[in-house]
Amino acid sequence: MKRLLIIIAVLALPTLFNGVSHADASPIPIQSGVLLTFDDHAIEQWAQQIPLFKKYKAKATFFVDRFHTLSPEKIQQLHALNKAGHAIGCHGVAHRKAVDTIQKVGTEEYLKIEITPAVQAMTEAGLTPTSFAYPSSQRNVESDTLLTNTFNHLRGGTGLPKDTQIVTLDKIFYTPDQLANTPCLIGTGIDYAGSEKRPDYIEQIKTALDRAKAQGEIVVFYAHGISENGPGHHITPKALEAILAHAQAIRLPTLSYDDLPTK
Ligand SMILES: [Zn+2]
């Protein structure tokens, strides 16, 4: 019996040490990557894709608005996403445009109606947000300064100008040393990638991933739902899989906002 115990102990040792060294290891600095983000509240659709993200060991960030209206089931789905390694960020109480609202009611009232209650509700539910995505991508330097009192990182957005390729859209590419000191990262939208609306987008996104890998950059994208037909703005699971598969094939890490270094 004693011998058996010793054998078991010896067999268990490497596991133990693995555990310890893993916990002690400081995170590997980011060298390149893609930040995939999803906005609004297609929470059921997002949660359904946990196995797809898992298949490619991929992480994403989900920016949720109207948190106070969510059913307990949806909050559970957000917890499931979070447990699967994804970041849950804030997208405001009622999707108010930051600059317009600040102009109309002032910074104090803006925080009081649009930001603080969302952060509070999320925190009470055990999903404290450390990042924020601007509704309708409306932002300026003042709103960035204001919101970095509450959040570590922000996300804005830009359209793709006509006759421009994503790979040349320099403002969505960041070097690793810019991450901690850039309050707001700008992404471009990838809803409808591969559909009739944007038939060449998957190839364009892959080329952008190639650039990030080759040049040691982090590229930022955003979408909304993940479904075949919406409702509303969405990317199909097939298009998402093509992107995740390419990132994995070229060994480009998928990062979440929780992976970003802070100042
Ligand atoms: Zn939104």
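Me: Two residues are in contact if their C-beta atoms, placed from the backbone, lie within 7 Å. Which residues of α5 meet α6?
Reply: This is a predicted model. On the α6 side, the contact involves Thr107, Glu109, Tyr110 and Glu114. Their partners in α5 are Thr101, Ile102 and Val105.

Me: How many nonpolar residues has the contact of α5 with α6 by class?
Reply: Two of its residues are polar and two are charged. The nonpolar residues number three.

Me: Is α5 parallel or oblique to α6?
Reply: The axes of α5 and α6 (residues 107–124) come within 7 Å and cross at roughly 120°. An angle over 145 degrees would count as roughly antiparallel, and 65 to 115 as roughly perpendicular. The crossing angle therefore makes α5 oblique to α6.

Me: Where is His91 placed?
Reply: Strand β3 covers 87–90, and α5 covers 98–105. His91 lies in the loop between β3 and α5.

Me: Is His91 buried or exposed?
Reply: Count the other C-beta atoms within 10 Å of His91: there are 24. The cut-off for burial is 20 or more. His91 is therefore buried.

Me: Which residues does His91 touch, leaving out those up to four places away in sequence?
Reply: Earlier in the numbering come Asp39, Asp40, Phe63, Val64 and Asp65. The list is completed by Ala133 and Pro135.

Me: Which residues have the most contacts inside the largest nonpolar core?
Reply: That core has 67 residues. One of its members, Val219, touches Val34, Ile172, Phe173, Ala208, Leu209 and Ala212, not counting residues up to four places away in sequence. The residues with the most contacts inside the core are Val34, Ile205 and Val219.

Methods:
Residues numbered from 1 in each chain as written. Predicted model: local features only at pLDDT ≥ 70, side-chain atom pairs only at ≥ 80, totals over all residues. Core = buried A, V, L, I, M, F, W, Y, C linked by C-beta atoms within 7 Å. Buried ≥ 20, exposed ≤ 12 C-beta atoms within 10 Å, placed from the backbone. Helix = DSSP H or I, 4+ residues; strand = E, 2+ residues; numbered from the N terminus. Axes fitted to C-alpha atoms, helices over the stretch in contact; angles between N-to-C directions. Parallel < 35°, antiparallel > 145°, perpendicular 65-115°, else oblique. Nonpolar A, V, L, I, M, F, W, Y, C, P; charged D, E, K, R; others polar.
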